[in-house]
Number of protein chains: 2
Amino acid sequence: MTAESPSQKGGTVGKAMEVLDCVARFGTPVRFSQILEVSRFPKPTLYRLVRTLADLGMLDHDADKDTYMPGRRLLKLAHVAWAQFSLASIARPHIDRLGQQVSETIHLAQLDQGQVLYLDKRNARDPVEMYSQAGKVGPTYCTGVGKAMLAFLTPEEQERVIALQSFHRFTPHTLVTPEALRARLETIRTQGYALDEEEHETGIICIAMPVLNGSGRVLGSVSITDTVLRTTWAALKEKLPLLRETVERIGHDAQDWHYPGI
Amino acid sequence: MTAESPSQKGGTVGKAMEVLDCVARFGTPVRFSQILEVSRFPKPTLYRLVRTLADLGMLDHDADKDTYMPGRRLLKLAHVAWAQFSLASIARPHIDRLGQQVSETIHLAQLDQGQVLYLDKRNARDPVEMYSQAGKVGPTYCTGVGKAMLAFLTPEEQERVIALQSFHRFTPHTLVTPEALRARLETIRTQGYALDEEEHETGIICIAMPVLNGSGRVLGSVSITDTVLRTTWAALKEKLPLLRETVERIGHDAQDWHYPGI
DNA sequence: ATTTTAGTTTCATTATTTGAGACTAAATGA
DNA sequence: TCATTTAGTCTCAAATAATGAAACTAAAAT
């Protein structure tokens with residue numbers, strides 16, 4: 001039994017999902033030939049997969065322009081996924097509350113295969129483009145939400161996630177080595193919160209805290225974000241008590257919710 | 001070649017998607033045996049399908065409780081679907097704008113297989129639980145957004161959609177016959193907007209207008225909703241000019257966007 | 001201790017998927 | 001205009017994967 005890379009799972013269903021990913025990765029409606037270029041399947045095989053997915057509503061086919069894009073059926077399925085995504089629904093009232101208390105942008109995130117998966121976003125000032133955020137993934141090593149979670153994992157989990165990081169330098173402040181990251185995580189663990197000091201985007205700073213359940217297990221994290229133009233570190237850090245209260249309440253409500261793996 | 005019911009598409013991928021639907025329909029994490037009860041597949045077949053979907057991340061498996069729910073991979077795919085769902089993204093700035101102008105709840109919807117598919121929701125008062133709404137489906141014959149679209153379809157399309165309606169009586173005001181609905185649609189077409197007079201939920205009323213492109217084709221619809229306790233018909237109808245402006249702008253921007261079918 | 005239930009595995013059979021190649025239609029170019 | 005390229009579609013024998021009756025295991029219920 002040979003280990004298979006996750007992107008090359010055997011089985012017809014796996015291949016179909018691979019095609020779905022290909023189409024999604026474009027981020028814009030694509031023609032069949034464009035999918036063909038990036039996929040590993042021969043033409044007739046890919047053709048049938050694409051047609052099957054379109055028939056099933058997993059891809060939407062624009063007959064006019066003859067292009068494909070991720071389908072509406074996904075929207076419906078994701079609607080349910082979202083509603084059941086326990087941390088998102090458990091956290092919602094608390095995120096709502098925090099949103100009323102602060103004027104900055106709030107994120108709720110979770111770890112997913114070493115990456116940050118955003119579950120919720122609030123922006124009291126100008127609502128809201130949430131779908132554009134929930135479901136989005138981002139880097140773990142250079143975001144507040146990511147580091148907050150990372151710092152509170154067990155050492156083994158932490159190393160496993162660190163091994164998955166790309167350490168791309170987004171800004172001059174990005175931590176680009178595992179060593180630098182580990183040192184920072186130590187600090188975060190001690191002080192109980194993480195900062196994003198313009199490590200991902202210049203001008204964007206945030207404070208973040210992990211959501212822990214009773215046994216100290218990391219369930220997710222919450223952050224408060226602003227720009228260096230609109231706030232100062234002192235002002236932002238004043239929100240720490242509100243943030244602490246929020247993550248504690250979420251952690252309490254999520255007591256018996258089992259985190260579905262990293 | 002025999003016509004196949006859409007729920008019984010041959011092919012392994014179709015079967016897998018059927019299982020995904022089964023799981024989603026529960027709306028809560030389910031055990032394998034529960035899926036078995038509602039699915040048409042024999043035990044080992046279903047077992048393999050479920051495991052395959054879980055391996056692929058389309059289902060999330062909670063190892064503790066041994067339950068399955070729609071997976072996180074769906075969230076990521078839906079994120080892209082949403083972003084590309086042209087009407088949603090084209091409409092966003094206009095929906096934002098309307099949201100700043102009125103304090104009521106706003107919906108953006110589209111027709112999907114005879115049902116209303118909600119694409120966006122805004123609520124200026126308390127933002128916003130959007131994922132919980134976008135992707136949701138509802139009835140066409142007894143909602144403002146639904147009737148607004150229905151009224152402006154071609155007669156053939158209209159009949160096709162009417163034939164798909166269940167005409168369940170949700171409230172004493174629900175129109176429960178095709179005849180009553182057709183008469184109402186006539187009025188809506190004449191006056192250019194639809195009302196929901198507590199036809200779906202008691203106490204909930206709304207005004208809705210279709211989004212039409214230059215050639216009069218129905219692309220979607222937008223509604224402004226409130227409760228009978230907070231508003232009156234007179235007050236609500238005062239928002240009609242704002243609503244008209246919104247749908248016109250969306251229709252204008254969506255000029256060359258081709259609606260992906262009913 | 002026995003029975004029931006839920007989940008898992010096996011394997012010969014069956015059905016689907018596969019993909020090289022051929023074909024068509026439409027666009028491009030000479 | 002007619003040749004040529006390109007994008008999309010179809011065919012069918014061969015290769016592969018899915019199937020499901022039956023058997024098995026583990027754990028819970030009696």
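Which residues are buried in helix 8 of chain A? In this predicted model, they are A:Leu181, A:Leu185 and A:Ile188. Looking down the axis of helix 8 of chain A, the buried residues fall within an arc of 60°, so they line one face of the helix. That fits a simple rule: an α-helix has 3.6 residues a turn, so residues three or four places apart point the same way. The buried residues of this helix pack against helix 6 (144-151), helix 7 (155-162) and strand 6 (194-197) of chain A. Turned away from the buried side is a face with the exposed residues A:Glu179, A:Glu186 and A:Thr190.

The length of helix 8 of chain A checks out too: its 14 residues (178-191) should span 20 Å at 1.5 Å a residue, and the end C-alpha atoms are indeed 20 Å apart. Right after the helix comes A:Gly192, with a positive phi near 90°.

Now to the DNA. Strand C is surrounded by 16 residues, and the closest are A:Lys15, A:Thr45, A:Arg48, B:Arg31 and B:Tyr47. By class, this surface has six charged, five polar and five nonpolar residues. Helix 1 (12-26) and helix 3 (43-55) of chain A, plus helix 2 (32-38) and helix 3 (43-55) of chain B, each supply at least two of its residues. Helix 3 of chain B gives the most, with four.

Of the strand C atoms within 4 Å of the protein, 59% belong to sugar or phosphate, and the rest to bases. On the phosphate side, an N or O atom in the side chain of B:Arg31 sits 2.4 Å from a phosphate oxygen, while a polar backbone atom of B:Ser33 is 3.0 Å from a phosphate oxygen. As for the bases, a polar side-chain atom of B:Lys43 lies 2.9 Å from a base nitrogen of strand C.

How values were computed. Residues numbered from 1 in each chain as written. Chains lettered and ligands numbered in written order. Predicted model: local features only at pLDDT ≥ 70, side-chain atom pairs only at ≥ 80, totals over all residues. Heavy atoms only, no water. Near = heavy atom within 4 Å. Polar contact = N/O pair within 3.5 Å; in protein donor to acceptor, adjacent residues only side chain to side chain. Nonpolar A, V, L, I, M, F, W, Y, C, P; charged D, E, K, R; others polar. Expected span 1.5 Å × (residues − 1). Buried < 20%, exposed > 50% of the residue type's maximum accessible area, 1.4 Å probe, protein only. Arc of directions from axis to C-beta. Contact = heavy atoms within 4.5 Å.
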